[in-house]
Amino acid sequence: MTSAHPARFASTGFLLFGILLIAISLRSPITGVGPLLDAIRAELHLSATQAGMLTTLPLLAFAFFSPVASKLGGKLGLEQALMLSLLFVASGLCVRSFGSSSALFLGTVIIGAGIAFANVLLPSLIKRDFPTQITTITSIYVLMMGAGSAISASLAIPLTGFAERLSINVIPSWALALASLVIFPIIAMLVWLPQLKRHTSPSKDTQKLESHSYLWRNSSAWQITLFLALNSFLMYIFISWLPTILVDKGYSHHQAGVIHGVLQLFTAVPALVLIPFMGRIKDKRLLTLALTLMACVGIIGLLLIPSQAMIWGMLFGFGAGGGFIVALALISLRTSSAYQAATLSGMAQFIGYLVAATGPMIMGEIHEQTASWQLPLMICAVCSLFWGGFAWLAAKDEVITSCEEPLSLAASESLS
């Protein structure tokens, strides 16, 4: 009996390590593109709309592949499906770096599909294997997502310069910089291999592919969905256009890249702050409202006082990153089974990323029409107020049930 405990602890620790490495691979392939958009446009002669599609395509892939992910997890098992997602991300990174416009867009779609699978399945895996540590584990893996984002955004320009100094002519220097990100999913796959050897089946809840169509008629499910949707809408606008906004406001490309990287880093900081006490907060409404207002202040600050962009980037990153952590945690906390969590995750991410995909294109088009970033930033500020309203509603202390009658979290815990 005693010898089994260290083995179980080691197995759990290795599983958690694998989850964190997967998390690093989930945002870095997208955030590394923003600082390189000007170089990519110049090399491939892309229009502003085509350049915006480099961020929009992964979001569309998130939207359309997310509903498939829960069924994939139920059929293959969560571990096998997550390995497949890593294979998609790694393959897409390689294809995207071939140096042609067609490969660029095809690889971006493949990356988006792989990330979509992992985005949906990780909350279900955490609910199944870490049912008493949902908020803590969610915070940690979001921290790793933010760290990967910050690394890719901050190193994009330096890696391009390094590639130019190497005088490699096979592919463009920007493509080599983007290709370097494949190291993240490769390491994650190597660490994840022991999970496949276990051949662990999904929990009974995950295997039970009952219809959860009632979620589409449930007001609480829609509140969580719209909370995540507006969070993603604003976040991907800034991921796409912040470097360009800053350059237009007088910053150098290097300065814009650094501030963009700092914003990405601060999306991870809430994980450090929230880990110690988030699980103890039963009513998370004030927390979610504070996070959304913080992001709103960051947007307004960038609009009115762009000279302090570093501060506004930190505030927006902290608020958006914290909101994302809470949104993912609510998907697990407000559901009653692992499969219900995966289904709600699929619904929320389908709608959420579909909405988010419109953000970069809409704001890019408004900028082109007005030749200014003032109106796009004003629209973002207004959207952040609606985001705060849905955050308040989504964070209610109730569990979603199949009979569409809300169940308090305390009652849910007593039943289990």
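1. Let's start with Tyr141. Leaving out residues up to four places away in sequence, this tyrosine touches Ile19, Leu20, Ala23, Leu122, Pro123, Ile126 and Leu328. Please keep in mind as you look around that this is a predicted model.

2. Which residues have the most contacts inside the largest nonpolar core? They are Ile22, Tyr141, Trp192, Phe238, Leu302 and Phe316, in a core of 109 residues. Helix α11 (residues 219-248) gives this core its largest share, 16 residues. There is also a second, separate core of 15 residues, with Leu36, Leu44, Leu54 and Ala177 among them. As background, nonpolar side chains tend to be buried together in soluble globular proteins.

3. Now step back to the chain as a whole. Its secondary structure comes to 18 helices and two strands. Of its 416 residues, 57% count as buried. If you take the contacts between residues at least 6 apart in sequence, 83% join residues at least 24 apart. The chain exposes about 16,200 Å², and 69% of that is supplied by carbon and sulfur atoms.

4. Helix α7 deserves a slow look. This helix runs over residues 134-166, which makes 33 residues, and spans 45 Å from first C-alpha to last, close to the expected 48 Å. Where does α7 bend? The bend is at Ala156 and amounts to about 45°, with a proline, Pro158, following within four residues. Just after the helix, Ser167 takes a positive phi of about 55°.

5. Stay on α7 and find Ser149. Is Ser149 buried or exposed? Ser149 counts as buried because its relative accessibility is 0%, and the cut-off for buried is under 20%. Beyond its neighbours within four places in sequence, Ser149 is in contact with Arg27, Ser28, Thr31 and Gln264. Try finding Gly32 as well: the C-alpha atoms of Gly32 and Ser149 are 7.3 Å apart, although 117 residues separate the two in sequence.

6. A second serine to compare is Ser173, in helix α8 (residues 173-179). With a relative accessible area of 18%, Ser173 is buried. Not counting neighbours within four places in sequence, the contacts of Ser173 are Thr160, Ala163 and Glu164.

7. Next come the aromatic rings. How many aromatic pairs does a search of the whole structure find? There are five. One of them joins Phe65 and Phe117 edge-to-face, with 6.0 Å from centre to centre and 85° between the planes. This pair links distant parts of the chain, since Phe65 sits in helix α4 (residues 48-76) and Phe117 in helix α6 (residues 101-129), 52 residues apart. Phe65 is partly exposed, at 31% relative accessible area, whereas Phe117 is buried, at 6%.

8. Another pair is made by Trp241 and Trp373: their ring centres are 5.5 Å apart and their planes stand at 45°, so this pair is tilted. Trp241 belongs to helix α11 and Trp373 to the loop between α16 (338-370) and α17 (374-394), so the pair ties together parts 132 residues apart in sequence. Trp241 counts as buried at 7% relative accessibility, and Trp373 counts as buried at 5%. Going back to the phenylalanines, ring pairs also link Phe65, Phe88 and Phe117 into a cluster.

9. Helix α15 (residues 309-333) is worth a visit too. Its 25 residues reach 35 Å from the first C-alpha to the last, close to the expected 36 Å. Why is α15 described as largely enclosed by the rest of the structure? Because 20 of its 25 residues are buried.

10. Finally, a point about backbone angles. Most residues other than glycine have a negative phi. His45, a residue other than glycine, has a positive phi near 55° and is placed in the loop between α3 (37-44) and α4. His45 is exposed, with a relative accessible area of 69%. Ala371 is not a glycine, yet has a positive phi of about 55°. You will find Ala371 in the loop between α16 and α17, where it counts as exposed at 66% relative accessibility.

Technical notes: Residues are numbered from 1 along each chain as its sequence is written. This is a predicted model: local features need pLDDT of at least 70, side-chain atom pairs count only at pLDDT 80 or more; totals for chains, interfaces and linings use all residues. Side-chain values use heavy atoms; hydrogens and water are left out. The expected span of a helix is 1.5 Å times one less than its number of residues. The bend at a residue is the angle between axes fitted to the seven residues ending there and the seven starting there. A nonpolar core is a set of buried Ala, Val, Leu, Ile, Met, Phe, Trp, Tyr and Cys residues joined through side-chain atoms within 4.5 Å. Buried means under 20% relative accessible area, exposed over 50%, partly exposed in between (1.4 Å probe, protein chains only). Contact means heavy atoms within 4.5 Å. Accessible areas come from the Shrake-Rupley method with a 1.4 Å probe; for residues, only the protein chains shown count as cover. Rings of Phe, Tyr and Trp (its six-membered ring) pair if their centres lie within 6.5 Å; planes under 30 degrees apart count as stacked, over 60 as edge-to-face and the rest as tilted.
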